[in-house]
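Reader: I'm new to reading protein structures. Could we go through this one together, a question at a time?

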Amino acid sequence: MNPLALAPLPLRAAAAVLALALSGGALRADPGIISPAEAQKLIASPDPAKRPVVLDTRGGYKDYFRGHLPTAHHLNFDTLRGTDNGVPVQYLPDDLTRALLVRAGVDKDRTHLIYATGAKLPNDEILSASMVAYVLEKYGVKDVRIVDGGLPAWAAAKLPVTQEYFGNPKGALPEKGNPEIALTVDDVLKRKPGAVLVDARPHNEYVGDDDVWLRKGHIPGAISFHWARLMDKDNTHQFLPFEKVRAELEAAGLTPDKEILVYCGTSREGSLLRFYLRHVAKYPNVRLYEGSWKEYAALKQHPAETKENTSK
């Protein structure tokens, strides 16, 4: 294992910059978060080439009509999913997804700012932002930022909103994506000994106390870690600093030396947990089971369980 994986975050960041400098490569941003103030600076840049692609990922188009960030293009997160073989909200085939992203202006050479609304649970719209960020990363886009605090923090900072529509010009995706960050059900079933499988849903769904799912419980061996534990309780779009949640993650067995496989109900909650572990905490090996429980529950040849598990 790379010893830098366990080093403090500033040391790892500095090492990455140094490695790029020594190799002569261009410095490319990896996915992460950005403050509303910094996002506004990019949007208002006098240099058009430095302005970002802004994606409003909310499912409610009337919310977009009521007001959105300047230059925000509405990309409803659920247009990237549909029913497949009877299982709802499965990710679309590559050709359809690529066409939708290109039409939304997603571009390999530009910065992307992603946001949604919904400040308090049970509203979970931050998950639409993390899901779209995951899809962009899977298709090879590196410069992706989720606006920390979302539209609530933007409004609290008294930054401008608009009702004017904005359509991006067609984008261009990288030739090479990152399909390896996605897991299939077979990948989960054949996971290596020592890999941690974590369920990001609320605990009641993990133990089967719900009226939602075709089958109750979770994938055998999975531990529970609800995504909302990583977010500010007064604004579920505000990411908690890693040092505030580090002890909780470690107590659950979620540490950077492990291979971590994440799932949830439909992959949105899992996308948030994966985003935090990979791009806020900087864990090196975190992947997402895209089919998640809605697919696994339909595969009745595979067992489910309701007992609580702990990571070893």
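Reader: Which residues line the largest cavity?

Author: Keep in mind that this is a predicted model. A probe the size of a water molecule, rolled over the atoms, shows where empty space is left. The structure holds 2 cavities of 30 Å³ or more, and the largest has a volume of about 40 Å³. Its lining is made up of Leu80, Tyr91, Leu92, Thr97, Val135, Lys138 and Tyr139.

Reader: OK, and what about pockets? Which residues lie nearest the centre of the second largest pocket?

Author: That pocket has a volume of about 360 Å³. Strand 4 (81–84), strand 5 (87–91) and helix 11 (292–296) each give at least two residues to its lining. There are 19 lining residues, and those nearest the centre are Asp84, Gln90, Tyr91, Gly291 and Glu295.

Reader: Let's zoom out. How many helices and strands does the chain have?

Author: The chain has 312 residues, and 52% of them count as buried. Take the contacts with a separation of 6 or more: residues 24 or more positions apart account for 76% of them. As for secondary structure, the count comes to 11 helices and 14 strands.

Reader: What is the strand order in the open sheet that includes strand 6?

Author: Strands of a sheet pair through backbone hydrogen bonds, either parallel or antiparallel. In this sheet of 5 strands the pairing is parallel. Read across the sheet, the order is 1-7-6-2-3.

Reader: Which strands sit at the edge there?

Author: Look back at the order, 1-7-6-2-3. An edge strand here pairs on one side only, and the twist from one strand to the next averages 35°. The edge strands are strand 1 (32–34) and strand 3 (72–74).

Reader: Strand 6 has partners on both sides, then. In strand 7, which residue is the bridge partner of His112?

Author: Strand 6 pairs with strand 2 (residues 53–56) in the parallel sense over 4 bridges, and there Val54 stands opposite Leu113. With strand 7 (residues 144–147), strand 6 also runs parallel, joined by 3 bridges. In that pairing Leu113 stands opposite Arg145, while the partner of His112 is Val144.

Reader: Which way do the side chains of strand 6 point, and are they buried or exposed?

Author: In a regular strand the side chains alternate between the two faces of the sheet. Strand 6 (residues 112–115) has His112 and Ile114 pointing one way, with Leu113 and Tyr115 pointing the other way. As for burial, all of these residues are buried.

Reader: At about what angle does helix 2 run to strand 1?

Author: Helix 2 lies across several strands of this sheet: strand 1, strand 2, strand 6 and strand 7. Its angle to strand 1 is about 85°.

Reader: And the loop after that helix? Is Asp47 buried or partly exposed?

Author: Asp47 lies in the loop between helix 2 (36–43) and strand 2. Its side chain reaches the backbone nitrogen of Ala49 at 3.0 Å. Buried would need under 20% relative accessible area, and Asp47 comes in at 31%, so it counts as partly exposed.

Reader: Now the other open sheet, with the order 8-14-13-9-10. Why is one side of strand 8 left without a neighbour?

Author: This sheet has 5 strands with parallel pairing. Strand 8 (182–183) and strand 10 (223–224) stand at the edges. One side of each is left without a neighbour because each has a single partner strand.

Reader: Which helix packs on that sheet?

Author: Its contacts are with strand 9, strand 13 (260–263) and strand 14 (286–289). Its direction makes about 175° with that of strand 14. The one you want, residues 268–280, is helix 10.

Reader: Last one: which side chain makes a polar contact with the side chain of Asp199?

Author: Asp199 is found in strand 9, which pairs with strand 10 over 2 bridges, and its bridge partner in strand 10 is Ser224. Asp199 is buried, because its relative accessible area is 0%. Leaving out residues up to four places away in sequence, it touches several others, including His218, Phe225 and Cys264. The polar contact, at 2.8 Å, is with the side chain of Tyr263.

Terms used: Residues are numbered from 1 along each chain as its sequence is written. This is a predicted model: local features need pLDDT of at least 70, side-chain atom pairs count only at pLDDT 80 or more; totals for chains, interfaces and linings use all residues. Side-chain values use heavy atoms; hydrogens and water are left out. Two strands pair if DSSP finds at least two bridges between them. Contact means heavy atoms within 4.5 Å. Axes are lines fitted to C-alpha atoms, for helices over the stretch in contact, and angles run from 0 to 180 degrees between N-to-C directions. Buried means under 20% relative accessible area, exposed over 50%, partly exposed in between (1.4 Å probe, protein chains only). A polar contact is a pair of N or O atoms within 3.5 Å; within protein, one must be able to donate a hydrogen and the other to accept it, and residues adjacent in sequence count only if both atoms are side-chain atoms. On a 1 Å grid over the protein atoms alone, a cavity is a set of points where a 1.4 Å probe fits but cannot get out, and a pocket is an open set with protein on both sides within 12 Å along at least five of seven lines; lining residues have an atom within 4 Å of a point. Grid points are joined across faces, edges and corners, and a volume is the space filled by probe spheres set on the points.
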